Amino acid sequence: MTIRLPDAAGELRTYEPRSEPLALTPCAGFSCRTVFSAAHVVADPFADVTPDSPAAVDWDATLAFRRHLWSHGLGVAEAMDTAQRGMGLDWAGAAELIRRSAAEARGVGGRIACGVGTDQITAPASLAEVRAAYEEQLALVEGSGAQAILMASRALAAAARGPEDYLEVYGHLLRQSAEPVILHWLGPMFDPALEGYWGSGDLDAATETFLEVIAAHPDKVDGIKVSLLDAQREIDLRRRLPGGVRCYTGDDFNYPELIAGDEQGFSHALLGIFDPLGPLASEAVRVLDTGDVKGFRELLDPTVELSRHLFQAPTRFYKTGVVFLAWLAGHQSHFTMVGGLQSARSLPHFARAYELADALGLFPDSKLAEDRMKNLLALYGVTQ
């Protein structure tokens, strides 16, 4: 069986799909690393909505996907940017997602951490209003029993006059948090509105402010998630963290080497790419648990090409590829996204994502993935 796929030049080429997926089985968890997968939401394809409407979510399919991740020993990072937070999913939808997912986690014994932001703010806001928005979301997340991830805030980036405002807002939140949180530094490649976060467009200066926040409250910081797509900067940063504060890599370009680590330390993981890679990522970390770094790299290194493809610029549209692969893998019955974001990538982009994922053996049913890819191609006018 073959399939004709379009390339970036508009030419059609023949590809022979893989016949068998990787043989991967669920596992209970890991001891050497803490691993979270940020998870996407599944839209309700029958809802009569527009891209500007509040998100219509298929809750059954959304929660089923989280059970899939938990079954492979992964923690779920909920209501993050992978769930289209701020790109189709508003605060009301995120709050419901947090409540439902946290309850599901309690039911199955799954680990969960949830994003705390300020996205209920839709107009210019004062620092006091930013603090209040953060507090509202922190109370909901902690009240649900989930760990809090303090996400970067568009409203704070717009309101802050300099580093001192970040120190004041984050210090206030950390003092009142009930349990240690994860601090998230999301780079502007993921969200252009976060340019100059921590009070400076100079990353060295921003890093000093970030570290000052942590140093003032090390007992309230479980770890940091760094999403700057700069491996050396992450390594330098994690070497300066206070004892007991973890680094969770959010680098979807360089994650194998960062998780493997070096003689001075390693990163844990909180990654959007582990949404499509869940079972394979789980197997790789299970191998790392045995001390087999080479085996870990042999499993995970080949996935980087797919990840770099999905996260290519404009990086914020990586969610489209993530949901596309979930559809091909059979985790949902359709390729529709909240906010109409299924239109954010091109047909050649989808074709290459399919080819790379299939070559890795990511599709449990390769025939289903092939048939769905052919259906999409036919929709775009590509005949087989």
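Colleague: What covers the buried residues of α12?
Modeller: This is a predicted model. In it, α12 is mostly covered, with 11 of its 11 residues buried; among them are Tyr318, Val322, Phe324 and Trp327. The cover includes α9 (274-289), α11 (304-310), α13 and α14 (366-379).

Colleague: Is Leu325 buried or exposed?
Modeller: Leu325 is found in helix α12 (residues 318-328). Setting aside residues up to four places away in sequence, it touches Pro276, Leu306, Leu310, Ala353, Ala357 and Phe363. Its relative accessibility is 3%, and the cut-off for a buried residue is under 20%. Leu325 therefore counts as buried.

Colleague: Which residue follows α12 with a positive phi?
Modeller: The helix covers residues 318-328. Beyond it comes a residue with phi near 90 degrees, a positive value; that residue is Gly330.

Colleague: Which helix gives the most to the largest nonpolar core?
Modeller: That core holds 120 residues, and Leu183, Tyr197, Phe274 and Phe324 touch the most other members. The helix asked for contributes 8 residues and spans residues 347-360: α13.

Colleague: How many residues are in the other core, the one with Met80 and Tyr248?
Modeller: This core lies apart from the largest nonpolar core. Its members include Met80, Ala113, Met151 and Tyr248. Met151 is also in contact with Tyr197, one of the residues that touch the most other members of the largest core. The size of the other core is 10 residues.

Colleague: What is the volume of the largest pocket?
Modeller: The lining of the largest pocket divides into 13 nonpolar, 7 polar and 8 charged residues. The volume comes to about 470 Å³.

Colleague: Which residues are closest to the centre of the largest pocket?
Modeller: One of them, Asp191, sits in the loop between β7 (181-186) and α6 (203-216). Asp191 counts as buried because its relative accessibility is 11%. Not counting residues up to four places away in sequence, Asp191 touches Arg154 and Leu186. Of the 28 lining residues, the closest to the centre are Arg85, Gly86, Asp119, Arg154 and Asp191.

Colleague: Which element gives the most to the lining of the second largest pocket?
Modeller: This pocket has a volume of about 280 Å³, and of its 21 lining residues the closest to the centre are Pro279, His331, Leu362, Phe363 and Pro364. The lining divides into 16 nonpolar, 4 polar and 1 charged. At least two residues each come from α1 (59-71), α9 and α12. The element that gives the most, with 5 residues, is α9.

Technical notes
Residues are numbered from 1 along each chain as its sequence is written. This is a predicted model: local features need pLDDT of at least 70, side-chain atom pairs count only at pLDDT 80 or more; totals for chains, interfaces and linings use all residues. Side-chain values use heavy atoms; hydrogens and water are left out. A nonpolar core is a set of buried Ala, Val, Leu, Ile, Met, Phe, Trp, Tyr and Cys residues joined through side-chain atoms within 4.5 Å. Buried means under 20% relative accessible area, exposed over 50%, partly exposed in between (1.4 Å probe, protein chains only). Helices (H or I, at least four residues) and strands (E, at least two) are DSSP runs, numbered from the N terminus. Contact means heavy atoms within 4.5 Å. On a 1 Å grid over the protein atoms alone, a cavity is a set of points where a 1.4 Å probe fits but cannot get out, and a pocket is an open set with protein on both sides within 12 Å along at least five of seven lines; lining residues have an atom within 4 Å of a point. Grid points are joined across faces, edges and corners, and a volume is the space filled by probe spheres set on the points. Ala, Val, Leu, Ile, Met, Phe, Trp, Tyr, Cys and Pro count as nonpolar, Asp, Glu, Lys and Arg as charged, and the others, Gly among them, as polar.
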